[in-house]
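User: Please take a close look at one part of this model, the second largest pocket. I would like its setting in the chain as well.

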Amino acid sequence: MLSHAPNYNHTYPAMNKTFSKGNEDFGIHMGENYGNRGKRPQTIAQFSSRTSLNSDGGINNENSSNNNLRQRNFLKRHSAFVLNNAKDKNIYKSNEDFTIRGNTRSFSKRQEDRLFVSADNFFTTNKKFGNRGGYRAEESSEEENHHAGQLKGNFKSMLSTRTVSKRQYSAPMIIRGPKKWHPSQRSGVQAMKEKQYEQAVMCFTMVLEHYPDSYNAQCDRATAFIKLGYYNRALQDLDVAFLQKPNKSRAWCLRGEVHYLQGRLDEALVDLSNALHMEPNNFEALSTHANIAKELENYKDAIESLDKILKIQPKNAATLKQRGEIKFLAKQHLAAIHDFTRALLYGPLNQNEKILALQGRGNAYRELNRFDEALNDFNKVLQKNPNDVKTLIYRADIYRLMRDYEKAVDDLTKAISLEPKNFLAFKSRGFIYAQLENFDKALYDLNNSLEFEPEDSYSLTTRGDVYRKLGQYQQSLNDLNKAISLQPADPTSALITRATVFRKLDQFEEALADLDCALEKRPDYTVALALRGDVYYQQKLYNEALQDLDKAILLSPKNQTALRSRGETFSAMGRYHEALVDFNRCFEIEPDNALTFLFRAQVYHELERHNEAIKDLDKALKLAPDQWFPLVMRGSVYRSMKRYNSSLADLDRALQYTPQDLLGQKYQTLALVNRGAVSRIMGRLDKAMNDLNRALSRDHDNVFALSQRGALYRALGRYNEALLDLDKALLLDRDNQFASLERNKVSRMIKRQPTRLSYAF
């Protein structure tokens, strides 16, 4: 006889045919709890030889009625559920047959029996293997068929045998099969593979009808419910599973996954910890634990969980991809690229996982400024799926960083045509239009983006910056205030943009407060350092300005903004040669920058290198013909060169423009002072007085304007007023030679006046 097989909760009717094989006995041992373990178990033949069914489905004992109770208990202990819906196409692959394969504990490896059970006819067939001979299937008699029919019709539980002898018996043989043989189980597993989760639920429900105490069947159905998003139903199944086997890890792992999907991360961690305590290498628990740690931004723990999986399965492509995603978030970009590359190399990954791995690696390359490699990965995705919207947006960002704005806009336009409500595409295209200073299109895209996501801080910040560039400062502040109030993860961009607006509005204290907050979050952020240095420069706090600007340039030696600001600061401190060094470094980075030409021309003007100053200003006007600041500066240089007509021509043109911000007002004031000075020299005293008064109404402490008006008062013979302006100019700038010279002239003129004597009578 063969050895015992495991005990299963239910059995299947097997046949109404009989077997014989030579003169040898064979048996199928099913079940453990048969009672009389010291005695040889009864076979179906032995039992049926003494019993028969009456017309009501009862049992008649041919030998003695005293054995009736014992025989009934035997039947009860060895009952098997009869499948009545074998033709249900939703449950069985075949609408006719129910196939059971014998396992190696019941049959030898060289012999495989298939027992087919039909709801209408019970029979068995045998498959012959090799030349060793096999079982011989023989047709049953009408009496045997009638007997089998009675069993089917009158009992919902039938016999299970431990042995079958070589003789042919008229009673049907009933085999108690394992759950994995059940066709509903196989259909459910297949449905899960094919992602037909509703079908899987139906199949596992049928399995649970036959195996109500099956722990794995409860977990299988719970898994299908999870895939369908029916979390409460999944939890109900898992509660039953806990009652059955509280010390097994699978239910704990599944409940942890449900809690994770419901956003109950603390409860999820507790369940997963229990699962890992029972089974430290449970891949599902480790993977879900990694996802939760990622959600909590605890990237170290997430990576450690995945490391445990990869220690056992170093070529697990899905886990490598998952770890690559987490390392990317942890800013371990090189390590992320390595994991993504291995995942793509080892495989197998499905189409979606390959796309995610390529996207992840492309974004990691982007962070390392390896734009060509990033572009290559995104192109691979788009070759397989040209309409992948997310990849189109990623590639557009690479084109933007490579300053290929036309291709970037094309990709984003295509993405919007595929998904007209994709706010990310609108946001990205709006940002590019803002960089191109195409403000109308930028506002159109950003307005659409904010229509879909009203509280997106990035879109609010970008639109606020557009309003700033348009000089609409109040609208800019409205957007920036809202963006900062939303408390984004990284508010530095909004803070810096708002600080720029405050600087434009001469609200330096507010600007410094925002910049201090930004630098508290990111101490080495060069943009904030450069801007704070510029604010200190505006406040004439030159030492503080140099401290910030030096640090910014040390961190980013090619930061033009910081270099230009430091050059301006050196110029204001009278350190003109150091200023020239910084401006020349700017030209090494960007040879054709109009603003740098303007600032260097100012230094040349102070050094009285007027011809070089004029050359720089001519280049600035050629590069930016619509800018009027270079006209003001060139008019000033022409005045110093005593080319008064050329000076007036430039200054008159410059003063036709209306300043849009405080910087514009500063240059307009400079233009008024210079034109007033030229008009005074050319004898146009009334026009000179008008220009100088306008300039001093805007800037009461403008030393140049005070000196020029003092000289004008002297020319008009208004010496007391002249002395007031010149004394104030010298108080503000003790070394101002022009004011000192004019004051001496006024003093001499006063001394030359005759003294009036008064006589007392």
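Analyst: The chain exposes about 39,600 Å² in this predicted model. Carbon and sulfur atoms supply 46% of that area. Of the 761 residues, 49% are buried. The fold holds 36 helices and eight strands. Among contacts between residues at least 6 apart in sequence, 55% join residues at least 24 apart.

Now the pocket. The second largest pocket holds about 1,100 Å³ of space. Its lining takes in 29 residues. Closest to the centre are Lys227, Glu257, Glu284, Ser287 and Glu353. Several helices give two or more residues each to this lining. They are H4 (183-193), H5 (197-210), H6 (215-228), H8 (249-261), H10 (283-295), H12 (317-329) and H14 (351-367).

What is the chemical make-up of the lining of the second largest pocket? The residues divide into nine nonpolar, 10 polar and 10 charged. Lys227, Glu257, Glu284 and Glu353 count as charged, and these four are among the residues closest to the pocket's centre.

Next, confidence. The chain averages a pLDDT of 79, and 75% of the residues score at least 70. Two stretches fall under 50. One is residues 1-141, where pLDDT stays under 50. The model still has 304 contacts beyond four places in sequence for residues 1-141. The other is residues 756-761, also with pLDDT under 50. For residues 756-761 the model has zero contacts beyond four places in sequence.

Terms used. Residues are numbered from 1 along each chain as its sequence is written. This is a predicted model: local features need pLDDT of at least 70, side-chain atom pairs count only at pLDDT 80 or more; totals for chains, interfaces and linings use all residues. Side-chain values use heavy atoms; hydrogens and water are left out. pLDDT is the predictor's confidence in each residue, from 0 to 100. Contact means heavy atoms within 4.5 Å. On a 1 Å grid over the protein atoms alone, a cavity is a set of points where a 1.4 Å probe fits but cannot get out, and a pocket is an open set with protein on both sides within 12 Å along at least five of seven lines; lining residues have an atom within 4 Å of a point. Grid points are joined across faces, edges and corners, and a volume is the space filled by probe spheres set on the points. Helices (H or I, at least four residues) and strands (E, at least two) are DSSP runs, numbered from the N terminus. Buried means under 20% relative accessible area, exposed over 50%, partly exposed in between (1.4 Å probe, protein chains only). Accessible areas come from the Shrake-Rupley method with a 1.4 Å probe; for residues, only the protein chains shown count as cover.
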